[in-house]
Amino acid sequence: MLERLIEWDREILIYLNNLGSEFFDPLWIIITSIFTWIPFFIVLFIFLLLKHTKRDVLLMLITVGLLIVFILFATDFTKHFFERPRPNNEVAINQLIRIVKNPGTYSFFSGHAASSFAITTLVVLFLRKKMKWTLLFYCWPLLFAYSRIYLGVHYPLDILVGALVGVLSARLFYMLFKKLIKPYLGSSHPV
């Protein structure tokens with residue numbers, strides 16, 4: 001079963017990665033950079049400020065910061081525990097894919113997917129009752145995570161598990177925010 005899953009993972013990577021072309025490589029290198037998304041983060045911050053009190057936004061940003069630290073630790077721990085080579089570093093597959101970037105760290109699970117889905121999910125949870133179209137924010141993590149497959153540095157399972165870890169972690173931190181942080185440090189406004 002595990003062998004079949006790994007084989008499927010490789011086949012999907014080869015297929016998706018080979019859809020790319022040199023013409024679009026610069027675009028996907030830009031998309032995969034966290035710095036590219038700073039304007040998006042600013043927009044999210046503005047939405048939070050427009051929909052919540054400044055004190056609540058400060059507590060939300062602290063929660064997002066704690067979530068990011070948690071995700072970074074979980075990603076680093078998991079990568080070193082499993083030590084799965086990235087596709088670009090695996091001899092059995094790197095001749096079959098387009099390699100646009102060549103990082104040397106481990107692959108499982110994707111920190112890009114985990115962090116982007118975590119941040120997005122937490123912000124969506126903070127804003128969902130005040131804005132109806134927050135699900136559009138998921139365009140960012142979908143593009144951000146897919147860029148890792150396009151560049152040849154992550155398998156699809158790395159992305160899926162990273163996204164799942166991000167979403168579940170965000171839900172946990174939202175629950176902690178509502179049960180611990182907000183009642184003891186914040187105002188009584190519902191979130």
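I will go through the pockets, one helix and the salt bridges of this structure, which is a predicted model.

Let me start with the largest pocket, which holds about 330 Å³ of space. Its lining is made up of 18 residues, and those nearest the centre are L72, T75, G111, H112 and S115. Helix 4, covering 54–82, helix 6, covering 111–127, and helix 7, covering 139–150, each supply at least two residues of that lining, with helix 4 giving the largest share, six residues. In chemical terms the lining divides into seven nonpolar, seven polar and four charged residues.

The second largest pocket has a volume of about 160 Å³, and here I can name the lining in full: L2, L5, I6, F82, R84, F108 and L157. Helix 1, residues 2–17, contributes the most to this lining, with three residues. The division by type is six nonpolar, no polar and one charged.

Let me turn next to helix 6, which has 17 residues and spans 24 Å from its first C-alpha to its last, close to the 24 Å expected at 1.5 Å a residue. Because 16 of its 17 residues are buried, helix 6 is largely enclosed by the rest of the structure. At its start, a side-chain oxygen of S110 comes to within 3.3 Å of the backbone nitrogen of H112, and H112 is also among the residues nearest the centre of the largest pocket.

That brings me to the charged pairs, of which the whole structure has six that are salt bridges. As background, side chains of opposite charge can pair when their charged atoms come close. Within helix 1, R4 and E7 are three residues apart, about one turn of the helix, and their side chains meet in a salt bridge at 3.2 Å, N to O. R4 is partly exposed at 45% relative accessibility, and E7 is likewise partly exposed, at 42%. These two residues also belong, together with E11, to a network of salt bridges.

Another salt bridge joins E90 to R10, with the closest N and O atoms 2.4 Å apart. Since E90 sits in the loop between helix 4 and helix 5 (91–94) while R10 is in helix 1, this pair ties together parts that are 80 residues apart in sequence. E90 counts as buried, at 15% relative accessibility, whereas R10 is partly exposed, at 28%.

Finally, R84 and D158 form a salt bridge at 3.1 Å, N to O. This pair links distant parts of the chain, 74 residues apart, with R84 in the loop between helix 4 and helix 5 and D158 in helix 8, residues 156–185. Both R84 and D158 are buried, and R84 also appears in the lining of the second largest pocket.

Note on methods: Residues are numbered from 1 along each chain as its sequence is written. This is a predicted model: local features need pLDDT of at least 70, side-chain atom pairs count only at pLDDT 80 or more; totals for chains, interfaces and linings use all residues. Side-chain values use heavy atoms; hydrogens and water are left out. On a 1 Å grid over the protein atoms alone, a cavity is a set of points where a 1.4 Å probe fits but cannot get out, and a pocket is an open set with protein on both sides within 12 Å along at least five of seven lines; lining residues have an atom within 4 Å of a point. Grid points are joined across faces, edges and corners, and a volume is the space filled by probe spheres set on the points. Helices (H or I, at least four residues) and strands (E, at least two) are DSSP runs, numbered from the N terminus. Ala, Val, Leu, Ile, Met, Phe, Trp, Tyr, Cys and Pro count as nonpolar, Asp, Glu, Lys and Arg as charged, and the others, Gly among them, as polar. The expected span of a helix is 1.5 Å times one less than its number of residues. Buried means under 20% relative accessible area, exposed over 50%, partly exposed in between (1.4 Å probe, protein chains only). A polar contact is a pair of N or O atoms within 3.5 Å; within protein, one must be able to donate a hydrogen and the other to accept it, and residues adjacent in sequence count only if both atoms are side-chain atoms. A salt bridge is a side-chain nitrogen of Lys or Arg within 4 Å of a carboxyl oxygen of Asp or Glu.
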